[in-house]
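Below is a set of questions and answers on one protein model. The sequence and the structure come first.

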Amino acid sequence: ANIWRKTDVTAALGTAQATYTITITATDAAAGTGTGTASLGVTDPAPAVSTCSFSPNSILANGAATTTLQCSVTDLSNNITGVTINITTIGGGAAVALTDMGGGSWQKTGITAATGTAAATYTLTVTATDAAIGTGTGPAVLGVTSPPVNFTPVVSGVGFSPSSVLADGATVFTATASVSDGNGLSDIATVTIDLSAIGGSATALMYDDGAHGGPQRLHAAQKI
């Protein structure tokens, strides 16, 4: 028997992963034919996930601060059907889809860390799937920090000068108060005084910047 060969045989790009029955046919001078078959397995390499990064690379665990994930994904057959990320450890879904930005770049915006997520560095898993259901995974590292503790303001030393006024709508008195805040004075947004009992505003503003003469000067309303 003579051995016949065909070298440099390839499976075309995009050939589905499967086992194929290949037929060889021999023909003689009288046009007679004989055939033989052999099985050939074709594999489709899984996609590869690389260079995943977050911007910013750290967010507050408050359910509001967001970050954007960018990943590079390659596939020999260029038949990626989807890329997802598992963010259950920071309060999200198990398979959050990324968007194909073209050129092997995949992106997901608006990722958050749920309120109560422990402050830590999280290694999240990104999974790429191709048409042959082959999968490749890669890590994406995100830092999560706890929101600062909010201390409530403390009001003390409330007083009036003078401590007694005429109900004539003209006599001026000054209300003062000492206000502190564990987060610093810059954290205090407003200080108000309720003067509704003497005919004034229930939310009259007080000041400490000197632009209004120090603590706000208020008039006692005329009582009937």
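Q: In which loop is G200 found?
A: The model is a predicted one. Two strands flank the loop in question: β14 covers 191–193 and β15 covers 204–206. G200 is found in the loop between β14 and β15.

Q: Is G200 buried, partly exposed or exposed?
A: Buried means under 20% relative accessible area and exposed means over 50%. G200 has 34% relative accessibility, so G200 counts as partly exposed.

Q: How many Å apart in space are G200 and D44, C-alpha to C-alpha?
A: In sequence, G200 and D44 are 156 residues apart. Taken in space, C-alpha to C-alpha, the separation of G200 and D44 is 80 Å.

Q: What is the strand order of the open sheet of five strands?
A: The pairing in this sheet is mixed. Read across the sheet, the order is β4-β11-β10-β6-β7.

Q: Which strands stand at the edges of that sheet, and why is one side of each left without a neighbour?
A: An edge strand here has a single partner strand, so one side is left without a neighbour in the sheet. The two strands in this position are β4 (58–60) and β7 (96–97).

Q: Which residue is the bridge partner of T84 in β7?
A: Strand β6, residues 80–86, pairs with β7 in the antiparallel sense, over two bridges. The partner of T84 in β7 is A97.

Q: Which residue of β10 is the bridge partner of V83?
A: β6 also pairs with β10, in the antiparallel sense and over six bridges. Within β10, the bridge partner of V83 is A128.

Q: Which residue takes a positive phi in the hairpin of β10 and β11?
A: β10 and β11 are antiparallel and pair over ten bridges; the bridge partner of T123 in β11 is V141. The hairpin has four residues between the strands. With a positive phi near 65 degrees, the residue is I133.

Q: Which strand gives the most to the largest nonpolar core?
A: This core has 24 residues, and those with the most contacts inside it are F54, L69, I85, I90, L124 and V126. Strands that each supply at least two residues are β3 (48–55), β5 (67–74), β6, β9 (105–111), β10 (120–130) and β11 (135–145). The strand that gives the most, with four residues, is β10.

Q: Which residues of the 136 to 140 stretch are in contact with V126?
A: Neighbours within four places in sequence are left aside. The contacts of V126 include V49, C52, L69, C71, V83, T84 and I85. In the stretch asked about, the contacts are G136, T137, G138 and A140.

Q: How many residues make up the second, separate core?
A: Among its members are A175, L195, A204 and M206. The number of residues in this core is six.

Q: Why does strand β2 lie largely in the open?
A: β2 spans residues 33–42 and is joined to β1 (residues 18–27) by ten bridges, the two running antiparallel. One such pair is T21 with its partner S39 in β2. β2 lies largely in the open because, of its ten residues, the number buried is one.

Q: What is the phi of A31, which is not a glycine?
A: A31 is placed in the loop between β1 and β2, and this hairpin has five residues between the strands. At 57% relative accessibility, A31 counts as exposed. Its phi is positive, at about 70 degrees.

Q: Is T51 buried or exposed?
A: T51 is found in strand β3 and has a positive phi of about 50 degrees although it is not a glycine. Its relative accessible area is 62%, and the cut-off for exposed is over 50%. T51 is therefore exposed.

Q: Which residue does a cis peptide bond join to S55?
A: The omega of this bond is about -5 degrees. The partner lies in the loop between β3 and β4. The residue joined to S55 is P56.

Q: What is the omega of the cis peptide bond from S161 to P162?
A: P162 has its place in the loop between β12 and β13 (172–180). The omega of the bond from S161 to P162 is near -5 degrees.

Q: What is the area of the nonpolar surface patch made by V155, V158 and F160?
A: F160 lies in strand β12, residues 154–161. At 44% relative accessibility, F160 counts as partly exposed. The patch has an area of about 300 Å².

Notes
Residues numbered from 1 in each chain as written. Predicted model: local features only at pLDDT ≥ 70, side-chain atom pairs only at ≥ 80, totals over all residues. Heavy atoms only, no water. Patch = residues over 30% accessible without salt bridge, like charges linked within 9 Å, V, L, I, M, F, W, Y side chains within 5 Å. Areas by Shrake-Rupley, 256 points an atom, 1.4 Å probe, with all protein chains shown as cover. Salt bridge = Lys/Arg side-chain N within 4 Å of Asp/Glu carboxyl O. Buried < 20%, exposed > 50% of the residue type's maximum accessible area, 1.4 Å probe, protein only. Pairing = 2+ DSSP bridges. Core = buried A, V, L, I, M, F, W, Y, C linked by side-chain atoms within 4.5 Å. Contact = heavy atoms within 4.5 Å.
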